[in-house]
Amino acid sequence: QVQLVESGGGWVHPGGSLRLSCAGSGSIISVYSMGWYRQAPGKQRELIAVITRDGSINYADSVKGRFSIARDNAKNTMYLQMNTLKAEDTANYYCNTVPAQPYWGQGTQVTVSS
């Protein structure tokens, strides 16, 4: 069974930064296209950043220019650098393959508030 463990969330003021990490079991991070998803209260989970197997990167319009996805294949870890955070970025953040496989981690909560 695939295991994905997200970390790095927390509370931050608007305009602040956080870096999220995603540790995957086996070599999932390096073998598959991977993405960061988020789910805000009362909303559907959305895909916000993708890094493909060949390293191509795409972002949702809502985070473009503020968030940066990266992957360290040697460590089987993926990252999401989040800058200029806004209140609307408040959500639980998850990592998974793209398209998503059925085993989700617990996610890591990001709260942006003054």
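This passage walks through the strands, the nonpolar core and a few individual residues of a predicted model.

A good place to begin is a sheet of four strands. These strands form an open sheet, and following the order across it gives S1-S3-S8-S7, with antiparallel pairing. Strand S1 (4-7) and strand S7 (67-72) are the edge strands, as each of them pairs on one side only. On average, neighbouring strands of this sheet are turned by 15 degrees against each other, direction ignored. As a reminder, the strands of a sheet pair through backbone hydrogen bonds, and the pairing can be parallel or antiparallel.

Within this sheet, strand S3 (residues 18-24) pairs with strand S8 (residues 77-82) in the antiparallel sense, over six bridges. Leu20 stands opposite Leu80 in S8. Arg19 also has its place in strand S3. Is Arg19 buried, partly exposed or exposed? Arg19 counts as partly exposed because its relative accessibility is 48%, and the partly exposed class lies between under 20% for buried and over 50% for exposed. Leaving aside neighbours within four places in sequence, Arg19 is in contact with Ser7, Gly8, Tyr79, Leu80 and Gln81. Arg19 and Leu85 are 66 residues apart along the chain, and their C-alpha atoms are separated by 11 Å.

Strand S10 (108-112) brings in further pairings. Strand S2 (residues 10-12) pairs with S10 in the parallel sense over three bridges, and here Val110 in S10 is the bridge partner of Gly10. S9 and S10, in turn, pair in the antiparallel sense, over three bridges; Asn92 has Gln109 in S10 as its bridge partner. In a regular strand, side chains alternate between the two faces of the sheet. S10 shows such an alternation: Thr108, Val110 and Val112 point to one face and are buried, whereas Gln109 and Thr111 point to the other face and are not buried.

Turning to the interior, the largest nonpolar core holds 26 residues, and those touching the most other members are Trp36, Ile48, Phe67, Met78, Leu80, Met82 and Tyr93. The elements that give two or more residues to this core include S3, S7 and S8, along with helix H1 (28-31), strand S9 (91-97) and S10. Which residues does Tyr93 touch, not counting those up to four places away in sequence? The list runs through Glu6, Leu20, Tyr37, Arg38, Ile48, Phe67, Leu80, Met82, Gly107, Thr108 and Val110. Among these partners, Ile48, Phe67, Leu80 and Met82 are also named with Tyr93 as the core residues that touch the most other members.

Notes:
Residues are numbered from 1 along each chain as its sequence is written. This is a predicted model: local features need pLDDT of at least 70, side-chain atom pairs count only at pLDDT 80 or more; totals for chains, interfaces and linings use all residues. Side-chain values use heavy atoms; hydrogens and water are left out. Two strands pair if DSSP finds at least two bridges between them. Axes are lines fitted to C-alpha atoms, for helices over the stretch in contact, and angles run from 0 to 180 degrees between N-to-C directions. A nonpolar core is a set of buried Ala, Val, Leu, Ile, Met, Phe, Trp, Tyr and Cys residues joined through side-chain atoms within 4.5 Å. Buried means under 20% relative accessible area, exposed over 50%, partly exposed in between (1.4 Å probe, protein chains only). Contact means heavy atoms within 4.5 Å.
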